[in-house]
Amino acid sequence: MSMVDISKKPQIYREAVVKGFIKLKPETIKVITEGKAEKGNPLEVAKIAGIMAAKNTSNLIPLCHPIPLTHIKIDTKIVGDNIIEVVANVKTEAKTGVEMEALTAATIALLTIFDMVKQYEKDEKGEYPFMEISSIKVLSKIKG
């Protein structure tokens, strides 16, 4: 087992964009939009969490190359009455791509939203039957 040898690859511009969603109860979306979430604004905290996650991807995923990231942007928005969309855009000038960093950023941003609003999502059994993280996918990958 070893990391892929990228030593002979050229250092070039690379970019990846990843999107994912979290479905919540409409009542939870209302808590967020009214600024009443006890832990603070989940959409803003998710942006910071996503940025931090992208910067730490090689520490989280075995055999993933550490990459000097030049730009990370996390966008969050409410779509419809019960869905939050997260889009992670990551850029670098490196010998390998940044899709793993963008995937990690989007996923951790979504998990952060989950964590910050889970108290509003519990049913009478203490479970989360309405919360669903879904459709995390690479929208684009640019090389060169």
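Okay, to start: where is Ser 135 found? Ser 135 sits in strand E4, and I'll come back to its backbone in a bit.

Some ground rules before that. What you see is a predicted model, where local features need pLDDT of at least 70, side-chain atom pairs count only at pLDDT 80 or more, and totals for chains, interfaces and linings use all residues. Residues are numbered from 1 along each chain as its sequence is written, and side-chain values use heavy atoms, with hydrogens and water left out.

So, the overall picture. The chain has four helices and four strands; helices here are DSSP runs of H or I with at least four residues, strands are runs of E with at least two, and both are numbered from the N terminus. Reading from the N terminus, the order is β-α-α-α-β-β-α-β. Along the principal axes, the C-alpha atoms fill a box of roughly 55 × 30 × 25 Å. Of the 144 residues in the chain, 39% are buried. By buried I mean under 20% relative accessible area, with exposed over 50% and partly exposed in between, using a 1.4 Å probe and protein chains only. The exposed surface of the chain is about 8,100 Å², and carbon and sulfur atoms supply 54% of that; the areas come from Shrake-Rupley with a 1.4 Å probe, and for residues only the protein chains shown count as cover. As for contacts, meaning heavy atoms within 4.5 Å: of those in the chain with a separation of 6 or more, 75% are between residues 24 or more positions apart.

Now helix H2, residues 42-55. Its 14 residues should span 20 Å at 1.5 Å a residue, and the end C-alpha atoms are indeed 20 Å apart. The expected span, by the way, is 1.5 Å times one less than the number of residues. At the N-terminal end, Asn 41 is the cap, with a side-chain oxygen 2.9 Å from the backbone nitrogen of Leu 43. Which residues of H2 are buried? They are Pro 42, Leu 43, Ala 46, Ala 49, Gly 50, Ala 53 and Ala 54. Looking down the axis of H2, these fall within an arc of 130°, so they line one face of the helix; the arc is that of the directions from the helix axis to the C-beta atoms. An α-helix has 3.6 residues a turn, so residues three or four places apart point the same way. Turned away from the buried side of H2 we have the exposed Met 52 and Lys 55. The cover over the buried residues of H2 includes H1, H3, E2, E3 and H4.

Let's zoom in on Ala 54 in H2. Ala 54 is buried, at a relative accessible area of 3%. Beyond its neighbours within four places in sequence, Ala 54 touches Leu 69, Ile 72, Val 90, Glu 101 and Ala 105. The backbone oxygen of Ala 54 is also 3.0 Å from a polar atom of the Thr 57 side chain. Thr 57 belongs to helix H3 and counts as buried, at 1% relative accessibility. With neighbours within four places set aside, Thr 57 contacts Cys 64, Met 100, Glu 101 and Thr 104.

H1 next. Thr 28, Ile 29, Val 31 and Ile 32 are buried there, and they cover an arc of only 155° around the axis, which puts them on the same side of H1. Glu 27 and Thr 33 are exposed on the other side of H1. What do the buried residues of H1 pack against? That would be H2, E2, E3 and H4.

Back to the backbone, as promised. Most residues other than glycine have a negative phi. Ser 135 has a positive one, near 55°, and is partly exposed at 46%. Leu 63, in the loop between H3 and E2, has phi near 70°, also positive; Leu 63 is partly exposed at 43% relative accessibility.

Last stop, aromatics. Rings of Phe, Tyr and Trp (its six-membered ring) pair if their centres lie within 6.5 Å; planes under 30 degrees apart are stacked, over 60 edge-to-face, and the rest tilted. That gives one aromatic pair. The ring centres of Phe 114 and Tyr 128 are 5.4 Å apart with the planes at 70°, so the pair is edge-to-face. Phe 114 is in helix H4, while Tyr 128 is in the loop between H4 and strand E4, 14 residues apart. Phe 114 is partly exposed at 23%, and Tyr 128 is partly exposed at 29%.

Terms used: A polar contact is a pair of N or O atoms within 3.5 Å; within protein, one must be able to donate a hydrogen and the other to accept it, and residues adjacent in sequence count only if both atoms are side-chain atoms.
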